[in-house]
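Colleague: Could you take me through the sheet in this predicted model strand by strand, and then through what packs on it and the enclosed spaces beyond it? I would like one connected account.

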Amino acid sequence: MIKDFLYYNPVKVVFGEGKLNEVGMYAQEYGKKAIIVTTGTLFKETGLVDRLQNILKESGVDSVYYPEVDPNPLNTQIDKGAAIAQAAECDMVLGLGGGSAIDAAKGIAIVLGHGKPIWDFCMGEEAETISAKTFPIIAVTTTSGTGSECTQWSVITNPETKEKPGIGSDYTFAKVAVIDPDLMISLPPRITASTGFDTLAHALEAYTAVLSTPITDMFCEKAIRICGRYLRRAVKNGNDREARNAMAYANSLAGISISVGIVTLCHGLAHSIGGVAGTTHGETLAAMTPATMRFSMRANPDKFRKIAMFLRDEWGTESNFKIEDSVAEVERLIHDIGLDVPLSRLGLKDSEIDRAVDGVIAYMEGSITNDPSMPRREDILEIVRQSF
Ligand code: NAD
C-alpha cells in the first residue's frame, strides 16, 4: 500500500552549468527592480555581483546590492535590508549565495510584503501569519547545501535571545531557483564538506521522518547515493566538475524533500545549538548525526537499514546490511571529509547544553514530533552529551 501523503513544492527549478545567464529572463516576470542579497562582499570582489546585475539589466531588471548579511543571518540584518529595498522601490528579492543569503532574501521578502519586523513572524503561536503579500523571491544558490532554493524555510537568528527558529509558509518558496554548479567551484574544502553534509543530513532525516512521502523517499534515496559517491570527491578536488554537478543536484533533491518531509531531531538541535553558540550548521549536524541515528534507528529499522546500501551506492542487497552499518557508513564519510569534530570543539560550552536542549523543545518542537523515535528531554540531553 502507498502511504497517504500531501506533496507540494511550487518552485521553478532551473539547473545546469551556465544557467546564471538565464536569471534575467525569469526575473523579469516578477518585477522591475531587485535587491540582491549576499553574505559579505566576496561575490562583489570576484565580479559575480556585477555579472548578475548586467544579466538582469539585459532583461530590463534594475538592482541594488545588499551585502550586510552574516552566515546565520540576523533578524536585524533582514529588517535593514528590507528598509533599503523599500527606499529603492524594489519589487522582488534575489538571494545570491548559500542558505544564509537565500534565507535572508526570504526574510526581506516577508518584511517588504507585510511592513512588520521579521521577528514578529518567528516565534510561537502568537507569530504573525506569512501571507501572499510576501514579495517574489528568486534564489541563486552557490553552495550544495541547505536546499534553501527549493524550500519554504528561512532560518533566522536573534542575537539578543540567542534563538534560531526556522519559519516558512507556502508563500516563501522561491518563484525560481537557479542551480548553476559553476558557481560552486569556488567553495573552499571546509565549506564544501559542511554544506555537503547538510545535504546528506536533510536526505537522511526526510527519508526516516514521520512525514516522509513516497515521492520524497525517491529523492532522498538518490541524494544519499550521490553524497556517498561524490561528496568526498568534491571536498578533495573542488575543480571536479562531475562531483560539483552531482552534489548540486543532490542538494536540490534533498531541499525538495525537507520542504515536504521536513527534518527530524538532529536538525532541530543544530538550530538550537547554532542559536546558543553560533556554530556552523553543517559541522554541528556532523557532530550529532551518529548519536541521533543510533537513538532513532530502531524506531524505523527498514529505512535505517537501507541507508548503508544507498551510501555505498549498491543495489538490491539491503538484507546484507544491519542498521548499525548505516551509522558506520555515515561515520566513515564524516571522517573522510574531515568533520569528525565534537560539539565541544565547535564552540558549544558545557554550561550552554541545557539551554540548547530547552531551545529545541521550545521552538523546534516539530523536529521532535517528526522524529520516528519521539525523544524525551532526557534522551535529547543524552544525545548532546554523547556528541559533546
Ligand atoms: P552560508 O550561506 O552561511 O555560507 C557559508 C560561507 O560560504 C559564507 O561565508 C559564504 O559567503 C561562503 N560562500 C557561499 N558560497 C560560496 C562560493 N560559491 N564560493 C566561496 N564561498 C562561498 O552556508 P550554508 O550552509 O549554505 O547556509 C547556512 C545557513 O542556512 C544556516 O543559517 C542554516 O541554519 C540555514 N539553513 C537553511 C535551510 C533552509 O531550508 N532554508 C536548511 C538548512 C540550513
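Modeller: Lys12 has Val176 as its bridge partner in β8, and that pair belongs to a ladder in which β1 and β8 run parallel, joined by four bridges. On its other side β8 pairs with β5, again in the parallel sense and over four bridges, and there Val140 stands opposite Val178 of β8. The next step leads from β5, residues 137-141, to β4, residues 92-97, a parallel pairing over five bridges, in which Gly97 has Thr141 of β5 as its bridge partner. Put together, these pairings are part of an open sheet of six strands in the order β1-β8-β5-β4-β2-β3, with parallel pairing. Its edge strands are β1 (12-15) and β3 (62-66), each of which pairs on one side only, and from one strand to the next the twist averages 20°.

Two of the inner strands deserve a closer look at their side chains. In a regular strand the side chains alternate between the two faces of the sheet. In β8, Val176 and Val178 point one way while Ala177 and Ile179 point the other way, and all are buried. In β5, Ile137, Ala139 and Thr141 point one way and Ile138 and Val140 the other, and again all are buried; five of the five residues of β5 are buried, and the strand is described as mostly covered. Val178 and Val140, which stand opposite each other across the β5 and β8 pairing, are thus buried in their respective strands, Val178 in β8 and Val140 in β5.

As to the helices on the sheet, α8, residues 241-260, lies across β1, β5 and β8 (176-179), and it runs at about 175° to β1. Helix α3, residues 48-58, also packs on the sheet, where it touches β2 (33-37), β3 and β4, its direction making about 155° with that of β3.

Just before β4 there is a residue that ties several of these parts together, namely Cys90, which is placed in the loop between α4 (75-87) and β4. Cys90 counts as buried because its relative accessibility is 6%, under the 20% limit for that class. Leaving aside residues up to four places away in sequence, Cys90 touches Lys33, Ala34, Ile35, Val64, Ala85 and Phe135. The C-alpha atom of Cys90 is also separated by 8.2 Å from that of Gly31, although the two residues are 59 residues apart along the chain.

Turning to the enclosed spaces, the count comes to two cavities of 30 Å³ or more. I begin with the second largest, since α8 takes part in its lining: α6, α7 (214-236) and α8 each supply at least two of the lining residues. This cavity holds about 50 Å³ of space, and the residues that line it are Ser144, Leu187, Thr192, Thr195, Leu231, Ala234, Arg244 and Met247. By class, four of these lining residues are nonpolar, three are polar and one is charged.

The largest cavity holds about 130 Å³ of space and is lined by 13 residues, among which Glu205, Thr264, Thr292, Met293 and Phe304 lie nearest its centre. The elements that contribute two or more residues to this lining are α6 (189-208), α9 (265-277) and α10 (281-296), and the lining as a whole divides into six nonpolar, five polar and two charged residues. Helix α6 therefore appears in the linings of both cavities, by the rule that counts helices as DSSP runs.

Helix α10 leads on to an open space, the second largest pocket, to whose lining α10 gives the most, with five residues. That pocket has a volume of about 190 Å³ and is lined by 13 residues, of which Ala286, Ala287, Pro290, Glu331 and Ser387 lie nearest its centre. Besides α10, the elements that give two or more residues to the pocket lining are α12 (323-336) and α16 (377-387), and the lining is made up of eight nonpolar, two polar and three charged residues.

How values were computed. Residues are numbered from 1 along each chain as its sequence is written. This is a predicted model: local features need pLDDT of at least 70, side-chain atom pairs count only at pLDDT 80 or more; totals for chains, interfaces and linings use all residues. Side-chain values use heavy atoms; hydrogens and water are left out. Two strands pair if DSSP finds at least two bridges between them. Axes are lines fitted to C-alpha atoms, for helices over the stretch in contact, and angles run from 0 to 180 degrees between N-to-C directions. Contact means heavy atoms within 4.5 Å. On a 1 Å grid over the protein atoms alone, a cavity is a set of points where a 1.4 Å probe fits but cannot get out, and a pocket is an open set with protein on both sides within 12 Å along at least five of seven lines; lining residues have an atom within 4 Å of a point. Grid points are joined across faces, edges and corners, and a volume is the space filled by probe spheres set on the points. Ala, Val, Leu, Ile, Met, Phe, Trp, Tyr, Cys and Pro count as nonpolar, Asp, Glu, Lys and Arg as charged, and the others, Gly among them, as polar. Buried means under 20% relative accessible area, exposed over 50%, partly exposed in between (1.4 Å probe, protein chains only).
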